[in-house]
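I opened a notebook for this structure and wrote down each thing as I looked it up. The entries are short and keep to that order.

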Amino acid sequence: MSVELDVFVGNTTIMDEEVYQLWLDGHTVNDAVKVRMEGGVLDECEASADVLLSDTMDQYRTFQMCERLLYSPAKLANQLLFQIPPHRQAMLIERYYAFDDVFVREVLGKKLSKGTKKDLDDVSAKTGVTLKSCRRQFDNFKRVFKVVEELKGPLVENIRQHFLLSDKLARDYAAIVFFANNRFETGKRKLQYLTFQDFAFCAGQLINNWTVGAVGENNMVEDMDVDLDKEFLQELKELKILITDKDLLDQHKSLVCTALRGKTKAFNEMEANFKNLSRGLVNIAAKLTNTKDVRDFFIDLVEKFIEPCRSDRWTAADMRIYLTHYHNSAHILDTFKHQVVWDRYMGVVKSCIFKMYHD
């Protein structure tokens with residue numbers, strides 16, 4: 001009885017980037033072969049369909065064997081089983097930890113638990129991302145979350161060093177970890193227009209300004225870039241004087257309206273709605289000591305500020321000029337003594353609203 005064997009002998013491990021992407025995307029070997037054939041690889045290589053199938057299967061086996069090393073990327077450089085040049089290692093790691101924005105948008109802010117993982121069938125059907133790819137991406141989020149949970153120091157740097165990711169991808173993972181830890185609500189219908197990158201930008205603002213690590217007194221504590229600074233959240237209650245003291249509220253309105261008059265077509269609406277908008281922003285600040293209100297931070301920004309402005313047809317430029325004067329004018333109020341807390345709060349709120357306001 002004759003037995004046919006396909007044998008390949010070599011030193012450097014051969015890895016086709018297209019096949020790797022097909023494997024990452026969750027395609028079966030047969031699907032991958034079909035895609036490669038449609039791409040004209042048989043004509044390029046003058047190979048038969050059987051050789052293409054054998055090559056694809058061989059590469060899939062290699063990727064599966066490499067996968068356990070990719071869980072801790074530093075191991076890839078130190079193993080002897082596969083001869084992979086450094087630039088190829090970087091490609092394997094970066095692509096393995098890359099994710100689909102449409103997928104992460106569905107799980108952002110949710111607990112990275114078995115319960116959420118059970119719902120991935122529905123997420124796959126909704127997003128068009130294969131279930132296998134959804135599971136890989138979810139497991140990556142969970143793995144990074146667990147590792148950085150135990151580490152001291154800056155979040156982005158810890159992710160970058162431990163998982164050998166690019167700065168951009170490390171920052172995106174920091175946003176995912178930050179949202180998972182604080183359980184921010186992102187799934188409500190009113191927030192659906194916001195992309196993952198919108199939220200990732202806001203996460204960066206919050207991490208850099210409102211966390212324990214943002215204070216800069218101790219750069220080597222656990223969760224320094226994940227937990228919000230509780231002392232700061234308590235101090236935000238002091239801002240209520242801007243809306244409870246009638247004289248201050250009137251003064252603030254007068255200063256802002258004087259600065260805006262003649263500079264925007266939306267001036268009449270800005271003047272008429274000033275007190276409601278100010279109450280909205282200050283009340284959001286004052287409630288951030290409650291866990292539920294922290295979770296609702298983005299929905300509150302939309303409901304209390306962005307929607308009213310949108311209904312009055314403000315442009316993005318209107319929003320920018322209004323918030324700039326609203327923020328700066330508080331510095332001229334003689335009896336307002338909470339300038340540092342105000343700047344720390346409004347700096348982030350302005351940046352987030354500018355990002356979230358799509359006119």
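What follows is my list of entries, grouped by topic.

**Ground rules.** I am working with a predicted model, in which local features need pLDDT of at least 70 and side-chain atom pairs count only at pLDDT 80 or more, while totals for chains, interfaces and linings use all residues. I number residues from 1 along each chain as its sequence is written, and side-chain values use heavy atoms, with hydrogens and water left out.

**Salt bridges.** I first asked how many salt bridges the structure holds. I found 19. I count a salt bridge where a side-chain nitrogen of Lys or Arg is within 4 Å of a carboxyl oxygen of Asp or Glu.

I looked up Lys126 and Glu106, whose side chains meet in a salt bridge at 3.2 Å, N to O. This pair links distant parts of the chain, with Lys126 in helix H9 (residues 120-127) and Glu106 in helix H7 (residues 101-107), 20 residues apart. My helices are DSSP runs of H or I with at least four residues, numbered from the N terminus. Is Lys126 buried or exposed? I noted Lys126 as exposed, because its relative accessibility is 59%. My cut-offs are under 20% relative accessible area for buried, over 50% for exposed, and partly exposed in between, with a 1.4 Å probe and protein chains only.

I then took Lys117 and Asp139, which form a salt bridge through their side chains at 2.9 Å, N to O. This pair also links distant parts of the chain: Lys117 sits in helix H8 and Asp139 in helix H10 (residues 131-149), 22 residues apart. I entered Lys117 as partly exposed because its relative accessible area is 30%. Asp139 is at 25% relative accessibility, so I entered Asp139 as partly exposed.

I next checked Glu303 and Lys190, where the salt bridge is 3.4 Å, N to O. The two are 113 residues apart, with Glu303 in helix H19 (residues 297-311) and Lys190 in the loop between helix H12 (167-182) and helix H13 (196-210). Glu303 counts as partly exposed at 34% relative accessibility, and Lys190 is partly exposed with a relative accessible area of 31%.

I also noted a network of salt bridges that links Asp16, Arg36 and Asp55.

**Thr116.** I went back to helix H8, residues 114-118, for Thr116. I wrote Thr116 down as buried because its relative accessible area is 11%. Which residues does Thr116 touch, not counting residues up to four places away in sequence? I listed Val107, Lys110, Lys111 and Phe138. For contact I require heavy atoms within 4.5 Å.

**Helix H13.** I looked up two residues here. Asp198 has its place in helix H13, and I marked Asp198 as buried because its relative accessible area is 7%. Leaving aside neighbours within four places in sequence, I found Asp198 in contact with Tyr193, Lys355 and His358. I also took the C-alpha separation of Asp198 and Leu288, which is 21 Å for two residues 90 residues apart along the chain.

Phe201 lies in helix H13 and is partly exposed, with a relative accessible area of 32%. With neighbours within four places in sequence left aside, Phe201 is in contact with Ser351 and Lys355. I noted Phe201 and Arg171 as 30 residues apart in sequence and 9.2 Å apart in space, C-alpha to C-alpha.

**Positive phi.** I looked for backbone entries that stand out for a residue that is not a glycine. Leu164 has a positive phi of about 55 degrees although it is not a glycine. I placed Leu164 in the loop between helix H11 (155-163) and H12, and entered Leu164 as partly exposed at a relative accessible area of 41%.

Arg183, not a glycine, has a positive phi of about 55 degrees. Where is the place of Arg183? I found Arg183 in the loop between H12 and H13. I entered Arg183 as partly exposed because its relative accessible area is 31%.

**Helix H1.** My last entry is Glu18, which has its place in helix H1 (residues 17-24). Glu18 is partly exposed, with a relative accessible area of 39%.
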